[in-house]
Structure formats: structure tokens, C-alpha cells
Amino acid sequence: MSGDASDYEIGQLGMSVEDAEKDAMHPVVAAYDRDGDGKVDMIAYDRDGDGKVDKVVVDEDGDGVANQVMLDRDFDGRMDFVGIDKDQDGDIDEAKTDTDGDGFFETTMRSAE
């Protein structure tokens, strides 16, 4: 699936750390099982091939579906977008952006749903 996914795609989690790179939406830098249950709940991706993390997806509730995506959209080494899927439908419901590059999220937008 690599290369076909949107930068904003949240994707699936819940696989083993060893299986995280198989069919990954982007090249994987690292996969983490933060709660020790044997299932990946955070994956760091490298979308531009420079070896540095520029996308992170997180499954906060352990259901195997990521509910948060963080992006370094301008590839400057700082995350400048956070998207949250609050209702687990695969669509981002809340987006926070750093519009001026200072490391703080100035803008928050929420879905009308």
C-alpha cells in the first residue's frame, strides 16, 4: 500500500511490531507497543524518504484503529498538524495546525458533524 495513501490517512494498527512494515501506507521508521499488549499502538513514518519521522499515527484506546495523526507537513523537523478522529469512523473530526512555524498550534478546526 506504500505510496497510495494520503498523508492524512490514519490507517490501521494493532498488528505485531514485526508485522508493522508489511503493507505499510508509508515507509516505517519505528513501530511501538506502548502498553505491552503485543500490538502496535504507534507507528512513525518517513513520507519523503530522508530517514526522519514526518508522520506519526497513534491508537489511544487500543482497539487497533488509529485515532490520531501528526504530520510535519513542511518537513522542517517539527510536527505542524494534529488530526484526531474522536468517533472512530476513519475521518478526522478535529484538526490543529501550527500556521506560523513557532511550534504552537494556533488553529483548531472541528467537524460540523
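**Note on a predicted model: charges, rings and overall build**

1. At 46% relative accessibility, R34 falls in the partly exposed class. The model is predicted. R34 makes a salt bridge with D41, with 3.3 Å between the closest N and O atoms. D41, by contrast, is buried, at a relative accessible area of 4%. The bridge thus has a partly exposed arginine and a buried aspartate.

2. On the overall build, the protein chain contains 0 helices and 7 strands. Read from the N terminus, the order of elements is β-β-β-β-β-β-β. The C-alpha trace spans about 40 × 35 × 25 Å along its principal axes. For 113 residues, a compact globule would have a radius of gyration near 13 Å, and the value of 14 Å for the protein chain agrees with this.

3. On packing, 39% of the 113 residues in the protein chain are buried. Of the contacts between residues at least 6 apart in sequence, 28% join residues at least 24 apart. The pairs in points 4 and 7 give individual cases of links across the sequence.

4. The structure holds 8 salt bridges. One of them joins the side chains of R47 and D7, at 2.8 Å from N to O. R47 sits in the loop between β2 (42-45) and β3 (55-58), while D7 is in the segment before β1, so the pair links distant parts of the chain, 40 residues apart. R47 is buried, with a relative accessible area of 16%, whereas D7 is partly exposed at 31%.

5. A further salt bridge connects E94 and K86, where the closest N and O atoms are 3.0 Å apart. The two partners differ in exposure: E94 is buried, with a relative accessible area of 5%, and K86 is exposed, with 56%. This bridge belongs to a network in which shared partners join K86, E94, K96 and R110.

6. D72 deserves a separate entry. This residue lies in the loop between β4 (68-71) and β5 (81-84). D72 is buried but has no salt bridge. Which side chain of opposite charge is nearest to D72? It is R47, at 5.9 Å. A salt bridge requires a nitrogen-to-oxygen distance within 4 Å, so the D72 and R47 pair does not count as one. R47 does have a salt bridge with D7. Leaving out residues up to four places away in sequence, D72 touches R47, D54, G77, R78, M79 and D80. R47 is therefore in contact with D72 within the 4.5 Å limit for heavy atoms, although no salt bridge is assigned to D72.

7. The count of aromatic pairs is 1. The rings of Y8 and F81 have centres 4.9 Å apart and planes at 85°, which makes the pair edge-to-face. Y8 belongs to the segment before β1 (28-32) and F81 to strand β5, so the pair ties together parts that are 73 residues apart in sequence. Y8 is partly exposed, at a relative accessible area of 35%, while F81 is buried, at 6%.

8. One contact between a charge and a ring is also listed here: K55 lies over the face of Y45, at 5.7 Å from the ring centre.

9. Two residues in the segment before β1 appear in the links above. D7 pairs with R47 through a salt bridge, and Y8 pairs with F81 through the rings.

How values were computed: Residues are numbered from 1 along each chain as its sequence is written. This is a predicted model: local features need pLDDT of at least 70, side-chain atom pairs count only at pLDDT 80 or more; totals for chains, interfaces and linings use all residues. Side-chain values use heavy atoms; hydrogens and water are left out. Helices (H or I, at least four residues) and strands (E, at least two) are DSSP runs, numbered from the N terminus. Buried means under 20% relative accessible area, exposed over 50%, partly exposed in between (1.4 Å probe, protein chains only). Lys and Arg count as positive and Asp and Glu as negative; His and the chain ends are not counted. Rings of Phe, Tyr and Trp (its six-membered ring) pair if their centres lie within 6.5 Å; planes under 30 degrees apart count as stacked, over 60 as edge-to-face and the rest as tilted. A charge sits over a ring if NZ of Lys or CZ of Arg is within 6 Å of the ring centre and within 35 degrees of the ring normal. The radius of gyration is taken over C-alpha atoms; the globule rule is 2.2 Å times the number of residues to the power 0.38.
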